[in-house]
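Could you walk me through this model, stop by stop? I have the viewer open and would like to know what to select next and what is there.

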Amino acid sequence: MIEGLSGPMGNVGTNQFKSWQYVAAHLNARENPAGVKFEIVPMDSKSSPQEAINLLKAAVDQGIHYVAQGNGSNVALPLADAVAKSNERNPGKEVIYMNYAAVDPASTNEKCNYWHFRFDADTSMKMAALTNFMKGQGEIHNVYLVNQNYSHGHQVAKYFKEGIERNRPDVKIVGEDYVALGQVKDFAPYVAKMRAAGADTLVTGSWGQDFTLLVKAMNDAGLNIPIYAYYAGVSGTPTALAQGKIAEVYQIAYNHSNYPGRMGELMKGFKAQYNDDFYTFSVYNALVALSDAMAKTKSTDPVKVAAALEGLRFDGFNGEAQMRATDHQLQLGMWISKWQKVDAKNSYSVENTGYTFAPVKYLEPYIASTPTSCQMKRPGK
Amino acid sequence: MEFFTISLLNGLSYGLMLFMLSSGLTLIFSMMGVLNFAHASFYMLGAYFAFALSQSVGYWPALLIAPLAVGLVGAAFEQLCLRRVHKWGHVPELLITFGLSYLVLEVVQLIWGRNVVPYGLPDQLQGPLFTLYGTQFPKSRAFVMLVAVLMLGAIWLVLQRTRIGLVIQAALTHPDTVQALGHNVPRVFMLVFGGGAALAALAGVVAGNTYVTEPAMAYAVGSIIFVVVVVGGMGSLAGAFLASILIGVVQTFAVAIDVSLADLLGAAGLKVASGNPMEQALRLTVAQVAPMLPYLFMVLILIFRPRGLMGTRED
């Protein structure tokens, strides 16, 4: 696992490292048909693309065949490229890259790559699902977009506009702001702008401090409009959310925090062991898919496993999921969940705040599925 | 009009907040010539101390105790570390404060963890103070403004109207004479450093819940307070005040301006072609570059008026 484990985003990376370790250690026989023992080796990229590529070389030298990374498409794209080059140059030392969180659609479109497999849903899929959900939300008329000023933020805005045009052509986008990543301390002026524009809904792909400070400023100004967010559940954000009294926060993601059954069990176990929340469910799908592919090929050879992963159908946390062969984008369902106080039905307290993300609606994989422009180059063909 | 009023209020409160953060820094610099890189760390310590204290003794006592405690930490640091490296000049002083900032960060992470801590306001400070054209102005922001103004007044009084203030001012320019007159100059320096740290901590106590209390908070304000101090004039308290307000208001209003260079050119009859290599830069709106403006401002000040708005030092 190559990830930023220190620095400003270190808390997220550390949480995810624990997620990999925990899930790898607790897969049962059905989930791990190959019966292999997964060992997770943490490598700290400090969130830098250059550092990540150096670590990839180190991993290849150590004989590691499976690399996982997720936080930041700015790292994911060069890393995927580096994996492809390394595999070409070092036959017998191939590496499969499991992307569990970087959501730039480019990874499975114009920059798609045979050795890269994405287990998170990309931005185009999330926005397809979100705008589909908005069809049923009649009170949405004037949407304001606030996003971070880098590729991810711009893509959220772009795909949202495309999706809303298709699903709710009557909705107006009354304003659009891009904030410098992690630079803004005072969001009150943005809130004043939102109010002046007459916004009744906010859509944002921001994460971390840029999201929590925005929510706080909205609370302070008494602007209680519904917020549709990507990353309301990431480390630290729930604690900040719980301090405010924001009316409605919806999250669009592949999961929510109140899974019954197996995933609920894993979340509880994770909490008991680390007193932290397990929210990166893509880790589970990645490991299950990997084991399935290994069982099918009766091998841990990455060349064979990569071939088996293509088009693989497996039993993921949202039911059956399929790794699409054309672009290596996992096809999975999406959840819209709502931030609310815990109750009898939704009892998992996120970050011990007494609040939770309660499921509102499940959107089937076909709704979230988006076409791809990928022209995959396969080795040996 | 209503947007103007709200933005002005927002700008003022943000500016006053910046002033609280940077006043201690500029004070220490003017007295001791030490550029304290750990200043933002004292700010963070203040917030964390207040968080810990508010859980046991409540918010109001914490408002008083946390800055005092951080002031003691600052004074101890001056006495035990800074004073020892003083004789080797400014670079070692700078480096040791730099080291301290890392140390504080690690200690904070060790004790309180890497996550956000739930540091909340007491009920008296929650909710809106007044509602203006439908926008609420929160009590917490008004409280920040009040504390900042009180702080400015208090510092001014201490420096101008008390005996210790006179000694501090005298020690700044003529340390040997003051020493010869029987005053303990090293102790004065210790007081100033501790006082500066306490001011930063006070900012942390009141801002820690308006913003977010987490280990990255020191890093987040670190650069902007240096901008304030440089723009205001190194070591000038009045300059820091002016610069804070200016930066706060300018940045707030800039967010509202959705005009880009391309639009201006368009108004002048020049169209920016979509294949133009400069297109991306020209299409940046003022709102998008708002967080950059203070830094731009700093560069301009350094070019055209290196001593800052109100600075007196020419060296």
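Begin by selecting W335(A) together with Y362(A): Y362(A), in strand 15 of chain A, is the bridge partner of W335(A). This is a predicted model, so please read every stop on the tour in that light.

Now widen the selection to residues 334–341 of chain A, which make up strand 14, and add residues 355–363 for strand 15. Strands 14 and 15 of chain A run antiparallel and share eight bridges. In general, strands of a sheet pair through backbone hydrogen bonds, so showing the backbone is a good way to view this stop.

Next, bring in the rest of the sheet. Its seven strands, all from chain A, follow the order 7-6-8-9-10-14-15. The sheet is open, with mixed pairing. Its edges are strand 7 (172–179) and strand 15 of chain A, each with pairing on one side only. From one strand to the next, the twist averages 25 degrees.

With the sheet still on screen, select residues 188–196 of chain A. This is helix 6, which packs on the sheet and touches strand 6 (142–148), strand 7 and strand 8 (201–204) of chain A. How does helix 6 of chain A point relative to strand 7 of chain A? The angle between their directions is about 170 degrees.

Move on to residues 66–69 and 96–99 of chain A, which are strand 3 and strand 4. Here the pairing is parallel, over four bridges, and Y66(A) has I96(A) as its bridge partner. To follow the chain between these two strands, add helix 3 (residues 73–89) of chain A: the path is a right-handed β-α-β crossover.

Stay in chain A and pick residues 282–297, which form helix 10. Its 16 residues reach 22 Å from first C-alpha to last, close to the 22 Å expected at 1.5 Å a residue. Is helix 10 of chain A mostly covered or mostly open? Mostly covered, with 13 of the 16 residues buried. Just after helix 10 of chain A comes K298(A), with a positive phi near 50 degrees.

For the last stop, show both chains. The contact takes 31 residues from chain A and 30 from chain B. On the chain B side, helix 1 (2–32), helix 5 (139–161) and helix 9 (217–232) are among the elements that each supply at least two residues. Helix 1 of chain B gives the largest share, five residues. Colour the side of chain B that touches chain A by class, and you will find 18 nonpolar, nine polar and three charged residues.

Key:
Residues are numbered from 1 along each chain as its sequence is written. Chains are lettered from A and ligands numbered from 1 in the order in which they are written. This is a predicted model: local features need pLDDT of at least 70, side-chain atom pairs count only at pLDDT 80 or more; totals for chains, interfaces and linings use all residues. Two strands pair if DSSP finds at least two bridges between them. Axes are lines fitted to C-alpha atoms, for helices over the stretch in contact, and angles run from 0 to 180 degrees between N-to-C directions. Two residues are in contact if their C-beta atoms, placed from the backbone, lie within 7 Å. The expected span of a helix is 1.5 Å times one less than its number of residues. A residue is buried if 20 or more other C-beta atoms lie within 10 Å of its own, exposed if 12 or fewer, and partly exposed in between; C-beta atoms are placed from the backbone. A crossover is right-handed if, with the strands pointing away from the viewer, the path from the first strand over the helix to the second runs clockwise. Ala, Val, Leu, Ile, Met, Phe, Trp, Tyr, Cys and Pro count as nonpolar, Asp, Glu, Lys and Arg as charged, and the others, Gly among them, as polar.
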